[in-house]
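User: I am a first-year student and would like a close look at one part of this model. Please place that part within the chain as a whole as you go.

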Amino acid sequence: MGLEIERRFLVVSEAWQELSIRHEQLDQGYLSEGQEAVVVRVRRSQEHAWLTLKAPTSNPEIRQEFEYTIPAADAEALLALTPRRVQKTRHHLNCPGGDWVVDVFAGANAPLVIAEVERSDPEAPLTIPPWCGEEITGRGELSNAALAMRPWSQLEAYSRGNRFS
């Protein structure tokens, strides 16, 4: 069994851009839903496609994760089965403390920008960069799966008046 140890933050400035070392366009769809359920996601980039299953644990920073490479044609067929989709540009960063990425969302989730850091040890110290704002780890309504069902533009408490770059 694989574990995903991840913390997530809203992004409050463009300072992260100087740390970007590569980026990719991602299209992902959700074939299952629910806070306490196993989430089944299909994701594709220009070069790869994956099927991922994620299950919650008692720690909101840690989830069980099973990820499998699949043929691009299978990803296309699976994406066609669901209207619950998220499109974003993922920027991979050269930043200490873990594997940092910044997701710049498109469509109904624009102008949302979220930083994520995957770590091997949840107890290891982590310095949060100044371009990270509110921590949203464990905030179910801001998970990618939830944003596929109810996009950022519909979350009035956040989206009205908040612009992230």
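Between which two strands is the loop where P111 is found?

Analyst: P111 is found in the loop between β7 (99–105) and β8 (113–118), where helices (H or I, at least four residues) and strands (E, at least two) are DSSP runs numbered from the N terminus. A cis peptide bond joins A110 and P111, with omega at about 10°.

Before going further, please note that this is a predicted model, in which local features need pLDDT of at least 70 and side-chain atom pairs count only at pLDDT 80 or more, while totals for chains, interfaces and linings use all residues. Residues are numbered from 1 along each chain as its sequence is written, and side-chain values use heavy atoms, with hydrogens and water left out.

To see where this loop belongs, follow the order of the elements: the protein chain has 3 helices and 9 strands, and read along the sequence they give the pattern β-β-β-β-β-α-β-β-β-β-α-α.

Another residue to look at is H92, whose place is in strand β6 (residues 85–93). H92 has a relative accessible area of 16%, so it counts as buried, a word that means under 20% relative accessible area, with exposed meaning over 50% and partly exposed in between (1.4 Å probe, protein chains only). Leaving aside residues up to four places away in sequence, H92 touches L19, S20, I21, R22, E24, W100 and V101, where contact means heavy atoms within 4.5 Å. The C-alpha atoms of H92 and A49, by comparison, are separated by 17 Å, and these two residues lie 43 residues apart along the chain.

A49 leads us to the earlier strands, since strand β4 covers residues 49–56 and pairs with β5 in the antiparallel sense over 7 bridges; two strands pair if DSSP finds at least two bridges between them. In this pairing the bridge partner of L53 in β5 is F66, and that of P56 is R63, while a hairpin of 5 residues joins β4 to β5. On the other hand, strand β3 (residues 39–44) and β4 also pair in the antiparallel sense, over 6 bridges, with R41 standing opposite T52 in β4 and 4 residues between the two strands of the hairpin. Strand β5 (residues 62–69) pairs with strand β1 (residues 2–11) as well, in the antiparallel sense over 4 bridges, and here the bridge partner of I5 in β5 is I62.

Finally, consider the chain as a whole. With 165 residues, a compact globule would have a radius of gyration near 15 Å, and the protein chain has 15 Å, which agrees; this radius is taken over C-alpha atoms, and the globule rule is 2.2 Å times the number of residues to the power 0.38. The C-alpha trace spans about 40 × 35 × 30 Å along its principal axes. Of the 165 residues, 45% count as buried, and among contacts with a separation of 6 or more, residues 24 or more positions apart account for 59%.
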